[in-house]
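User: Please take a close look at one part of this model, its aromatic residues. Put that part in the context of the whole chain.

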Amino acid sequence: MEPWLKKVLTNIIMITIVLAICWGILCVCVSCGVKAFAYELPSIEEPCGMSTEELEAVLKGELKNYAQAFLHAEADYEINACFLASIAALESGWGEHQFRPNNIFGFMTRKQFSSVEENIDFVAWWLKKHYFNENGRYYRGGTISDIGKIWCPDGGEWVSLVTGIYGGLCR
């Protein structure tokens with residue numbers, strides 16, 4: 001085989017391998033919920049546009065039982081139900097672990113809630129009043145990153161995890 005032909009074939013093989021690896025990474029990222037490559041995530045202050053059944057279908061674990069409560073909170077406080085569910089999913093392992101009874105957000109300001117639905121409503125109200133309101137105590141802007149600066153200032157890990165879950169829910 002001619003040396004120049006051998007070089008061309010080697011380059012073609014290397015390019016094919018690199019493209020296959022990139023495609024594999026893209027597929028893994030999209031399947032785990034990080035859809036930044038696929039499309040821009042919807043605003044967390046806009047409705048998710050899902051029915052109760054559609055939201056139940058994308059929620060996991062115990063959170064499936066609270067799809068309607070997330071949608072009610074969305075309607076009452078104009079905070080995307082998938083975003084609320086994303087925080088709850090991260091903070092409670094999809095509703096399986098709770099800091100205190102009926103507290104799927106790990107919300108420490110209030111020690112006890114009579115139900116998970118009350119917890120969802122209260123946290124949505126709290127976010128609207130303190131995080132989304134320009135005069136709010138914790139207002140830094142209206143993005144997941146802005147909320148994460150106060151909610152869990154861990155250098156961005158919380159933001160990355162909530163964003164990944166949010167991307168997986170709002171397909």
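Analyst: The aromatic rings come after a short view of the chain, and the cysteines close the account.

This is a predicted model, in which local features need pLDDT of at least 70, side-chain atom pairs count only at pLDDT 80 or more, and totals for chains, interfaces and linings use all residues. Residues are numbered from 1 along each chain as its sequence is written, and side-chain values use heavy atoms, with hydrogens and water left out.

The protein chain has seven helices and zero strands. Helices (H or I, at least four residues) and strands (E, at least two) are DSSP runs, numbered from the N terminus. Along the sequence the pattern is α-α-α-α-α-α-α. Of the 171 residues in the protein chain, 38% are buried. Buried means under 20% relative accessible area, exposed over 50%, and partly exposed in between (1.4 Å probe, protein chains only). Contact means heavy atoms within 4.5 Å. Among contacts in the protein chain with a separation of 6 or more, 53% join residues 24 or more positions apart.

Now the rings. The structure holds 12 aromatic pairs. Rings of Phe, Tyr and Trp (its six-membered ring) pair if their centres lie within 6.5 Å; planes under 30 degrees apart count as stacked, over 60 as edge-to-face and the rest as tilted. One pair is Phe-113 with Phe-122: the ring centres are 5.6 Å apart and the planes stand at 55°, so this pair is tilted. Phe-113 is buried, at 1% relative accessibility. Phe-122 is buried too, at 15%. Another pair is Tyr-131 with Tyr-138. Their ring centres lie 5.3 Å apart with planes at 35°, so this pair is also tilted. Tyr-131 is buried at 5% relative accessibility. These four residues belong to one aromatic cluster, which also includes Phe-107, Trp-125, Trp-126, Trp-151 and Trp-158.

Trp-94 sits in the loop between α4 (81-92) and α5 (116-131). Not counting residues up to four places away in sequence, Trp-94 touches Leu-59, Lys-60, Gly-61, Glu-62, Leu-63, Ala-88, Ala-89, Ile-165 and Leu-169. Glu-62 is 32 residues from Trp-94 in sequence, yet their C-alpha atoms are 6.2 Å apart.

Last, the cysteines. A disulfide is a pair of cysteine sulfur atoms within 2.5 Å. The count here is zero. For Cys-82, the closest cysteine sulfur is in Cys-48, 4.4 Å away and too far for a bond. Cys-82 is buried, with a relative accessible area of 0%. Cys-170 is in no disulfide either; its nearest cysteine sulfur, that of Cys-82, is 5.7 Å away. Cys-170 is buried at 10% relative accessibility.
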